[in-house]
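Me: Could you take me through this structure step by step, with the reasoning behind each answer?

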Amino acid sequence: MSAPTIDHTLDEILGLAASHFKVPREKLTPDDDFFKTLGIDSLQALDLLTRLEHHFAIELPDYELQGVSDFRTLANRIQARL
Amino acid sequence: MNDFKGQTLSWQIVNGAIELALHRDPCNEIGSLTLDELEKFAAALSRLTDEAHALIIHSTLKAGFSAGADLRELFQRAQVMEKGAALRGVREFLERIHAVMNALDAAPLTTIAAVHGVTFGGGFELALVCDIIIADRMARFCFPELRLGLIPGFGGIPRLKRDLGNAVVRDLLLTGRSFNVMKAQQIGLVSQIAAEGEALRVARATASQVGKFDRRTAAAAKEFVKPIPYEELKREIDIFCDLYSRPAVEEGLRRFVENEGVQPYLP
């Protein structure tokens, strides 16, 4: 089975973030700073990371998220693990 | 004292199991007040053990089981003390918390950590003293101490080495990365995974099951399979204190304490 495309991965991340943090999906864009857009701190970011790991059935070490704050870069990090 | 309601933790006996609940905001950081109350619990444990067959440790806070040592207290105390006195204070704190952890580790009843959310550093070490770790699906574990220029100081490395393969221990310790329950179960750390918000219920069901067996047999089985690495635990305190006296640690603690950004818990 081939890996999903980066666009598909990005779309799933945005959908999951919108659903969990109760933000309208249409308000999220790939280049948003997710800390600001979702209004989350680092503990909530770890919560999001855990949900994404479960959703994509991957392990993404948190040091790969150092300095990452936009959905597009996050999607690239996840894509590299699929 | 079968019931206790403290500022950082409380306990009661429910259906033959002692339930030790952690509830110090924001995430059960373990400082001097928590240590005082943990010592009260350790002192009461022999009496409680007469009336219970199991111990469940859990957190009532949404953020998680425990974020570990109270780094703000550690840093702030060091700022107002002469260096030698600060180091002696750290050693005394470690010796006291090790005594509590060792008492929990050796308790002649079945001990269960029901963890969720953040289970970091000293919180992870508290879970590691338990016989069984039951984790909520959203639990996350981490030994972040190397980020501060330290090693885990509450007995984490010897107990992790006791329970897991050394290669895994090196990965977790040397990268300081956090990991989820699937990884934790895969490496043999977590026994059971519970749905979100269900870890305590699963722990209670497990406590009920272990209560069906003869207590003396259960205690003998535990003592046989779970040796306590006393020599390594003492060595850990020495290494921690050697590292603590370096300026790099003060800087690491300062960075954490003074960080007002959104990412202090990310590496």
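The questions and answers below go from the overall form of one chain to its sheet, its core and a few unusual residues.

This is a predicted model, in which local features need pLDDT of at least 70 and side-chain atom pairs count only at pLDDT 80 or more, while totals for chains, interfaces and linings use all residues. Residues are numbered from 1 along each chain as its sequence is written, and chains are lettered from A and ligands numbered from 1 in the order in which they are written.

Me: What is the radius of gyration of chain B, and what does the globule rule give for 267 residues?
Reply: Chain B has 11 helices and 11 strands, where helices (H or I, at least four residues) and strands (E, at least two) are DSSP runs numbered from the N terminus. The radius of gyration is taken over C-alpha atoms, and the globule rule is 2.2 Å times the number of residues to the power 0.38. Chain B is as compact as a globular protein of that length, because its radius of gyration is close to the value from the rule, the two being 18 Å and 18 Å.

Me: In what order do the seven strands of the open sheet in chain B lie?
Reply: Two strands pair if DSSP finds at least two bridges between them. Strand 3 (residues 17-22) and strand 4 (residues 54-59) of chain B run parallel and are joined by six bridges, and L20(B) has I57(B) as its bridge partner in strand 4. Further along, strand 6 (residues 110-115) of chain B is joined to strand 8 by four bridges, also in parallel. The pairing in the sheet as a whole is mixed, and the order is 1-2-3-4-6-8-11.

Me: Which strands of chain B stand at the edges of this sheet?
Reply: Strand 8 of chain B pairs with strand 11 in the parallel sense over three bridges, with Q192(B) as the bridge partner of I134(B). An edge strand has a single partner strand, so one side of it is left without a neighbour in the sheet, and this holds for strand 1 (4-5) and strand 11 (192-194).

Me: Is strand 8 of chain B largely enclosed or left open, and how many of its five residues are buried?
Reply: A residue is buried if 20 or more other C-beta atoms lie within 10 Å of its own, exposed if 12 or fewer, and partly exposed in between, with C-beta atoms placed from the backbone. Strand 8 (residues 132-136) of chain B is largely enclosed by the rest of the structure, because the number of its residues that are buried is four.

Me: Which residues touch the most other members of the largest nonpolar core?
Reply: A nonpolar core is a set of buried Ala, Val, Leu, Ile, Met, Phe, Trp, Tyr and Cys residues joined through C-beta atoms within 7 Å. The largest one has 91 residues, and those touching the most other members are L55(B), I56(B), I112(B) and A135(B).

Me: Is N28(B) buried or exposed?
Reply: N28(B) lies in the loop between strand 3 and helix 1 of chain B, and its phi is near 55°, a positive value in a residue other than glycine. Since 27 other C-beta atoms are within 10 Å, N28(B) is buried.

Me: Is A57(A) buried or exposed?
Reply: A57(A) is in the loop between helix 3 (42-56) and helix 4 (71-79) of chain A, and its phi is also near 55°. With 9 C-beta neighbours inside 10 Å, A57(A) counts as exposed.
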